[in-house]
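Biologist: Could you take a close look at one part of this model for me, the open sheet, and then follow it outwards to whatever it connects with? A connected walk-through would suit me best.

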Amino acid sequence: MMADDASSFNTIFGRGLIGELRHIAHRPYLVVTMADLWPRFAPHFDEHLAAVHFVETLEHDALAHAVDQLPAVNAVVGLGGGQAVDVAKFVAWRRRLPLFQAPTSLTVDAPWGHRAAIRFGGHVRYIGWAIPQAVYVDYDVIQSAPALLNRSGIGDILCYHTAHFDWRLAHERGRGETRWPYDEALVAEAQAVLEQVWARLPDIYAVNAAGIRALANGLRYGGGTYHAAGWNPRHVEGVEHFFFYALEYLTGKKFIHGQPVCLGVYLGSLMQENRAEEMLAAIRRAGVDIRPAAMGVTWDEVAATLHRLRRYVTENGLWYTVANEFAVTDSFIAHARARIEAVFA
Ligand SMILES: [Zn+2]
């Protein structure tokens, strides 16, 4: 694990951590959170709380305007899931403030990434720069979130499996990016993180302390390595995320990130003929239901996304993966459907 790597944020595990934030955040401070979470956490803050920013938009111009209206503060506390921690990063960047992050679930690697996922006319761009003083992972807080939110965090780690195949494939085909030449050492580094998380799947399913530590340390690596590798995402992202982006684009629906990503891991590894059944079994062991119905879509929508995938990645200039060359057929989709429905029945 990259625990000593300077690129991975200072991360503290413990209990009762939210109540300590008021003692350490420079005064007066701002809390960035979600409206539905605030009633539960408000009692942990004091008279030095200058304002609370509830995340309502991730659109850049609206967000920049809202941030400029906030009172003068000397620190920012990010409290919530991916959106709250991303907006907290954006505020810290725009106002040049120290940042304290307290994720309330382990759904994505956003608490450990330098940039914020901000929308420009609906399109995601990763901008900004924020290194938190610390990321506080409170066992009780994480355990109080819906179990699926935490379990689905494995999507952002299992995705290394499909990403590695895609990077090697692009390299072999002469379709890799010159700025990101295939790097066996980087692949091995990410693979080691994947294996540490893999060994803890029953704990991640149980959302116990060992599972929380394993998952958070995996996400910590994933969040930091994009920067550490020179803004190279090739060892941590591939066809599985592209499937998710295409599904989101075609359906217009909102997802728990790791659910469609895990579905993409299985479908992608099936296209790659790359240990697909092992991946499906791992996803099942972690308790992430990847049946379309479990994420509010239909098999028809998944099938349409698969049929459209090659065109989608080409039109969007996404990097070369198995999606560029795999011919999706109805029998491929029927096989995937039968396997997923059987394993999760
Ligand atoms: Zn992701």
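Modeller: Gladly! A word on terms before we start: the domain bounds I use come from an automatic or database domain assignment. Please also keep in mind that this is a predicted model. On that assignment, the protein chain splits into domain 1, residues 11–143, and domain 2, residues 147–343.

Now to the sheet. It is open and has 6 strands, which pair in the parallel sense and run in the order β1-β8-β5-β4-β2-β3. At the edges sit β1 (11–14) and β3 (49–54), each of which pairs on one side only. From one strand to the next, the twist averages 20 degrees.

Let's zoom in on the β1 edge. The partner there is β8, residues 134–138, and the two strands share 4 bridges in the parallel sense. Within that pairing, I12 has Y136 of β8 as its bridge partner. As general background, strands of a sheet pair through backbone hydrogen bonds, either parallel or antiparallel.

A helix also packs on this sheet: α4, residues 82–95, touches β2 (29–33), β3, β4 (75–80) and β5 (99–103). If you compare directions, α4 makes about 170 degrees with β4.

From here we can move to the neighbouring domain. The C-alpha centres of domain 1 and domain 2 are 27 Å apart. Their contact draws 16 residues from domain 1 and 21 residues from domain 2. On the domain 1 side, β1 and α5 (139–143) each supply at least two residues, so our edge strand turns up again here, as a part of the side that touches domain 2. The element that gives the most to that side is α5, with 3 residues. Sorted by class, the domain 1 side has 9 nonpolar, 6 polar and 1 charged residues.

Finally, the nonpolar interior. The largest nonpolar core has 99 residues, and V32, V77, Y266 and I283 are those with the most contacts inside it. Helix α7, residues 155–173, gives the most to this core, with 9 residues. Because domain 1 and domain 2 both give residues to the core, it lies between them. For a closer view of one of those residues, try Y266: leaving aside neighbours within four places in sequence, Y266 is in contact with A276, M279, L280, I283, I290 and I340. In soluble globular proteins, nonpolar side chains tend to be buried together.

Conventions: Residues numbered from 1 in each chain as written. Predicted model: local features only at pLDDT ≥ 70, side-chain atom pairs only at ≥ 80, totals over all residues. Pairing = 2+ DSSP bridges. Axes fitted to C-alpha atoms, helices over the stretch in contact; angles between N-to-C directions. Contact = placed C-beta atoms within 7 Å. Nonpolar A, V, L, I, M, F, W, Y, C, P; charged D, E, K, R; others polar. Core = buried A, V, L, I, M, F, W, Y, C linked by C-beta atoms within 7 Å. Buried ≥ 20, exposed ≤ 12 C-beta atoms within 10 Å, placed from the backbone.
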